[in-house]
Amino acid sequence: MALCVPACSPAVRLCQKLNRLKTLEDDVMATSLKRCLSTLDLALLGVGGMVGSGLYVLTGTVAKDTAGPAVVLSFLIAGIASLMAALCYAEFGARVPKTGSAYMFTYVSVGEIWAFLIGWNVILEYMIGGAAVARAWSGYLDSIFNHRIQNFTESHVMRWDVPFLAHYPDLLAAGILVVASIFISFGVRVSSWLNHIFSAVSMVVITFILVFGFMLADPANWSAREGGFAPYGLSGVMAGTATCFYAFVGFDVIAASSEEARDPQKAIPIATAISLALAATAYILVSTVLTLMVPWHTLDPNSALSDAFFRRGYSWAGFIVAVGSICAMNTVLLSNLFSLPRIVYAMSEDGLFFPIFSRVNPVTKVPVIAILVFGSLMAFLALIFDLEALVQFLSIGTLLAYTFVAASIIVLRFQPEKTASASGGGGTKTDASSMASPNQPVVPSDPGMTRSETQTLAQDAGELKEYESFSDKLQLVEREKAVRERRAPGMLKACWEPYLGRLLGDCEPGDVVTFSVTALMVSAVSLCAVVVFGNSHLHLPMWSFILLVVVFSLAFLISLVLIWAHEQQNKTKTFQVPLVPFVPGASILLNVFLMLKLSLLTWLRFTIWLAAGLLVYFGYGIWHSKEGLRELQGNDVSARYVVLPSGSLVETVQNVQPEGHTHTHASQTTHTSATNDPQANR
């Protein structure tokens, strides 16, 4: 067995590198960016990210092809489902007010490799999302002028027929992205005011649609003569929910802006709640008006609202709707261009991406290079790729980010309290015992034990024992549990001790929760795979289908119960998701289900992009990670604690030699802690 340890040590070290966590500074509010965004600014950013072209296109498409007038229920259920993911983002944004959104949250609680992959996929999502919105913006404006822009480009510039590419270069879409990138590089205040203007116009147009639309409403359009309220039944409502869920993608821009918020602990949760409520209300009311104005089966999916007013004899209203649609798409465009450079900046700041993108302009206080480079890449995508080819790739990275953020909330909530809040914002400090001076008595960091109790534990040791750290010594002393006044986070609750104590009582705090979260993810993927593919692709017999659904459902529920049976961290001053782990667990299940509903081609493209990300990480990120450099700096000295038979504590410190070198030149110093035993101080 001993011979196996050296052979396995490189693999163990690699796993430790891949799963190392980000260490937050004591003052998490310190930043090179400018903290100037208010709650209103953040709320309007969130509304702008969610209420875009989907309000003018998605409502008509889902109503006609999927759910009928019951699209109202689809948007309501989708809004509630999105709320579960939004709550997780709100808690993290308040506790960790750093830019980077899902990337940062995963890095703090899950591990480095997972954080990089989340950030890498979110970068692609924002690039494709922005390019797709720019193409839609260009197409909508072109349709107003009877496609004269397209005809001129094809006749006088160029035209090609290549698969997955547009038939002509969309210069208008690329141009609007370049112009928007330049404006955003002027600073966060300029971006915020632009978003205010477009959001205000969009909300005025939405108000006009609602007021004028309800005046033209005809309840007979929901009657049985027109097919009824839910012509496609419950299955149509749920299918519409899966599509409408993507309309609420965009609230993560609020969390991505937390490093530029004045008071992120309060502003992030409030802005998230306000923006999601406004967006859900807008989608529900507009879909209600639309299906009451004209029969749902006669809607034009491409321009449902404009066509509805035209058919009721108010063609002039179509121009107002067009203005609102363009302004709404502008807000989504700004949201993508605002969030993308900040995620790139966060990854560069941590050493996982090229350092040039972490440079902040001293005047505008924004990462100008990241904005211009990735804005140009987004413009290039919009220039040559077809809108349909771009949209097919959307959503998978966002859903994956939602899943990891929900899992991170569970891990963080049940994590042993190894850090302490520094400034009300979740800052970290090194454990007290590890920072003790060699010349001073070493005091344990466990808040449930006093200094005299610790000395008693040390004096009760009757033989010479050696431990790698002082915390290891405390965990192995039998009397520690007896003097513990309260249970630490990650430990089994007292009420569950009689039932699960023998099975789980000896586990380290947090270990059972970590294992249960892994089991939760595996069972969620298995359950959703059986539900999605069981009858269509796998052709399972009914008995085996039901058996697998029951087994994986029980595994999912048991994992949730095991997590819930452990102590959580005490309530903090910042916002916390209610009903943990059940709300994040439900969010994980929904996100996995929606991911498995995506096409095989989408998964293939996602795998290729993931492989490219792994090449970047193992070729650059893992070697330049600041957490890795911090570990190397911290490993210059190694400390060992020895308990003498008398009960006194001895700390030995020796220099660490590089691998392959002997320790013959290692110097050792020994310090004895003060105890009440006179023999120990002799």
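The largest nonpolar core has 144 residues, and Tyr56, Tyr89 and Phe248 have the most contacts inside it. A nonpolar core here is a set of buried Ala, Val, Leu, Ile, Met, Phe, Trp, Tyr and Cys residues joined through side-chain atoms within 4.5 Å. Buried means under 20% relative accessible area, exposed over 50%, and partly exposed in between (1.4 Å probe, protein chains only). Helix H6 (residues 112–144) gives this core its largest share, 16 residues. At least three residues of the core come from each of domain 1 (40–415 + 577–626) and domain 2 (511–568); the domain bounds come from an automatic or database domain assignment.

This is a predicted model, in which local features need pLDDT of at least 70 and side-chain atom pairs count only at pLDDT 80 or more, while totals for chains, interfaces and linings use all residues. Residues are numbered from 1 along each chain as its sequence is written, and side-chain values use heavy atoms, with hydrogens and water left out.

Leaving aside residues up to four places away in sequence, Phe248 touches Met50, Phe75, Ala78, Gly79, Ser82, Leu276, Ala279, Ala280 and Tyr283; contact means heavy atoms within 4.5 Å. Another core, of 13 residues, lies apart from the largest one and includes Cys36, Val253, Ala267 and Ile268.

The secondary structure comes to 26 helices and four strands. These are DSSP runs numbered from the N terminus (helices H or I, at least four residues; strands E, at least two). Of the 682 residues in the protein, 51% are buried. Among contacts with a separation of 6 or more, 79% join residues 24 or more positions apart. The protein exposes about 31000 Å², of which carbon and sulfur atoms supply 66%; these areas come from the Shrake-Rupley method with a 1.4 Å probe, and for residues only the protein chains shown count as cover.

Helix H3 (residues 53–67) has as its buried residues Gly54, Leu55, Tyr56, Leu58, Thr59, Gly60, Val62, Ala63, Thr66 and Ala67. Their cover includes helix H4 (71–95), helix H9 (188–215), helix H10 (233–244), helix H12 (264–293), helix H13 (304–311) and helix H14 (316–349). After H3 comes Gly68, with a positive phi near 70 degrees.

Most residues other than glycine have a negative phi, and most peptide bonds are trans. The table lists two non-glycine residues with positive phi.

| Residue | Phi | Loop | Relative accessibility |
|---|---|---|---|
| Ser101 | near 55 degrees | between H4 and helix H5 (102–109) | 2%, buried |
| Leu579 | about 55 degrees | between H23 and helix H24 | 63%, exposed |

The loop between H23 and helix H24 (582–596) also holds Pro581. The peptide bond from Val580 to Pro581 is cis, with omega near 15 degrees.

The protein averages a pLDDT of 81, and 80% of the residues score at least 70; pLDDT is the predictor's confidence in each residue, from 0 to 100. Among the elements, helix H18 (residues 451–459) has the lowest mean pLDDT, 41, and helix H23 (residues 542–564) the highest, 95. Over residues 1–5 the pLDDT stays under 50, and the model has zero contacts for them beyond four places in sequence. Residues 637–682 also have a pLDDT below 50, but this stretch has 104 contacts in the model beyond near neighbours in sequence. Where pLDDT is low, the predicted coordinates should not be read in detail.
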